[in-house]
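Here is a walk through one fold, from its sheet out to its helices and a few backbone oddities. Have the structure open and follow along.

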Amino acid sequence: MNIKRIGLASDHAGFILKQYVIEYCKQHGYEYKDYGTYSEESCDYPDFAHALAEGLERGEVYPGIAICGSGEGICMTLNKHQSIRAGLSWMPEIARMIRLHNNANVLVMPGRFIDNGTAEKIMDEFFSTDFEGGRHQHRLDKMPVKE
């Protein structure tokens with residue numbers, strides 16, 4: 001994967017894991033941009049998901065990492081954007097598949113259900129896996145909603 005600058009987003013339930021992701025980025029020499037939230041105070045994940053998606057669309061960041069409690073809500077919101085392919089991963093094998101077959105541009109993790117060690121393995125796999133292309137590209141081409 002060709003990492004530009006990693007875009008980060010979370011809600012309050014994902015904030016603690018996002019702090020670990022920031023440390024991971026620093027340790028690996030990855031630049032990052034944090035689209036929020038910035039505390040554990042209750043907030044709405046769509047506010048930060050949309051900001052991250054728009055940053056990806058503008059080319060400010062690539063790829064993204066998003067975290068909420070289950071990972072589901074923030075993933076659903078991200079995928080409302082036509083150019084976003086957010087995939088929820090709770091194990092390294094899933095992270096590999098969302099890159100290999102789906103060319104995911106946002107890794108989503110469930111902040112309430114994985115520990116830092118698991119998150120690290122997931123990120124390692126996500127960042128080290130390239131899109132396979134081939135038959136998978138044809139499927140990706142069918143994803144956008146045509147008007």
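## Ground rules and a buried serine

A residue counts as buried when its relative accessible area is under 20%. S10 comes in at 0%, so it is buried. Keep in mind that this is a predicted model.

S10 sits in strand β1. Setting aside residues up to four places away in sequence, S10 touches F15, K18, G36, T37, F48, I67 and I74. Two of the names in that list, G36 and T37, come back below for their backbone.

## The sheet

What order do the five strands of the open sheet take? They run β2-β1-β3-β5-β4, and the pairing is parallel. The edges belong to β2 (32-34) and β4 (86-88); each has a single partner strand, so one side of each has no neighbour in the sheet. On average, and ignoring direction, neighbouring strands here are turned by 20 degrees against each other.

As general background, strands of a sheet pair through backbone hydrogen bonds, either parallel or antiparallel. In this model, β1 and β2 run parallel and are joined by three bridges, with I6 standing opposite Y32 of β2. Strands β3 (residues 64-68) and β5 (residues 106-110) also run parallel, and five bridges join them. One pairing to look for there is C68, whose bridge partner in β5 is P110.

## Inside β1

How many of the five residues of β1 are buried? Five of the five are, which leaves the strand mostly covered. Side chains in a regular strand alternate between the two faces of the sheet. You can see the split here: I6, L8 and S10 point one way, G7 and A9 point the other way, and all are buried.

Helix α1 (residues 15-28) is part of the surroundings of this strand. The helix lies across β1 (6-10), β2, β3 and β5, and runs at about 165 degrees to β1.

## Helix against helix

Now for α1 and its partner α5. The two pack with axes 11 Å apart, at an angle of about 50 degrees. That angle is neither under 35 degrees nor within 65 to 115, and α1 and α5 are therefore oblique to each other. Their crossing is right-handed. On the α1 side, L17, Y20, V21, Y24 and H28 do the meeting, and on the α5 side it's N116, A119, E120, M123, D124 and F127. By class, this contact of α1 with α5 has seven nonpolar, two polar and two charged residues.

The second pair is α4 (residues 92-100) with α5 (residues 116-128), whose axes come within 8 Å and cross at roughly 25 degrees. Angles under 35 degrees count as roughly parallel, so α4 and α5 fall into that class. The crossing of α4 past α5 is right-handed. P92, A95, R96, I98 and R99 of α4 make the contact with K121, I122, E125 and F126 of α5. Five nonpolar and four charged residues take part in this contact of α4 with α5, and no polar ones.

## Backbone oddities

Where are the cis peptide bonds worth a look? One joins G36 and T37, with omega at about 0 degrees. T37 lies in the loop between β2 and α2 (45-58). Another cis bond joins Y62 and P63, with omega at about -5 degrees, and P63 is in the loop between α2 and β3.

N103 is a curiosity of another kind: its phi is positive, about 50 degrees, although N103 is not a glycine. You'll find N103 in the loop between α4 and β5. Is N103 buried or exposed? With a relative accessibility of 16%, N103 counts as buried.

## A histidine in α6

Last stop: H136, in helix α6 (residues 135-141). At a relative accessible area of 2%, H136 is buried. Leaving out neighbours within four places in sequence, H136 is in contact with L100, H101 and F131.

How far apart are the C-alpha atoms of H136 and N102? They are separated by 6.9 Å, although the two residues are 34 residues apart along the chain.

Notes:
Residues are numbered from 1 along each chain as its sequence is written. This is a predicted model: local features need pLDDT of at least 70, side-chain atom pairs count only at pLDDT 80 or more; totals for chains, interfaces and linings use all residues. Side-chain values use heavy atoms; hydrogens and water are left out. Axes are lines fitted to C-alpha atoms, for helices over the stretch in contact, and angles run from 0 to 180 degrees between N-to-C directions. Helices (H or I, at least four residues) and strands (E, at least two) are DSSP runs, numbered from the N terminus. Angles under 35 degrees count as roughly parallel, over 145 as roughly antiparallel, 65 to 115 as roughly perpendicular and the rest as oblique. A crossing is left-handed if the near helix is turned anticlockwise from the far one by less than a right angle, and right-handed if clockwise. Contact means heavy atoms within 4.5 Å. Ala, Val, Leu, Ile, Met, Phe, Trp, Tyr, Cys and Pro count as nonpolar, Asp, Glu, Lys and Arg as charged, and the others, Gly among them, as polar. Two strands pair if DSSP finds at least two bridges between them. Buried means under 20% relative accessible area, exposed over 50%, partly exposed in between (1.4 Å probe, protein chains only).
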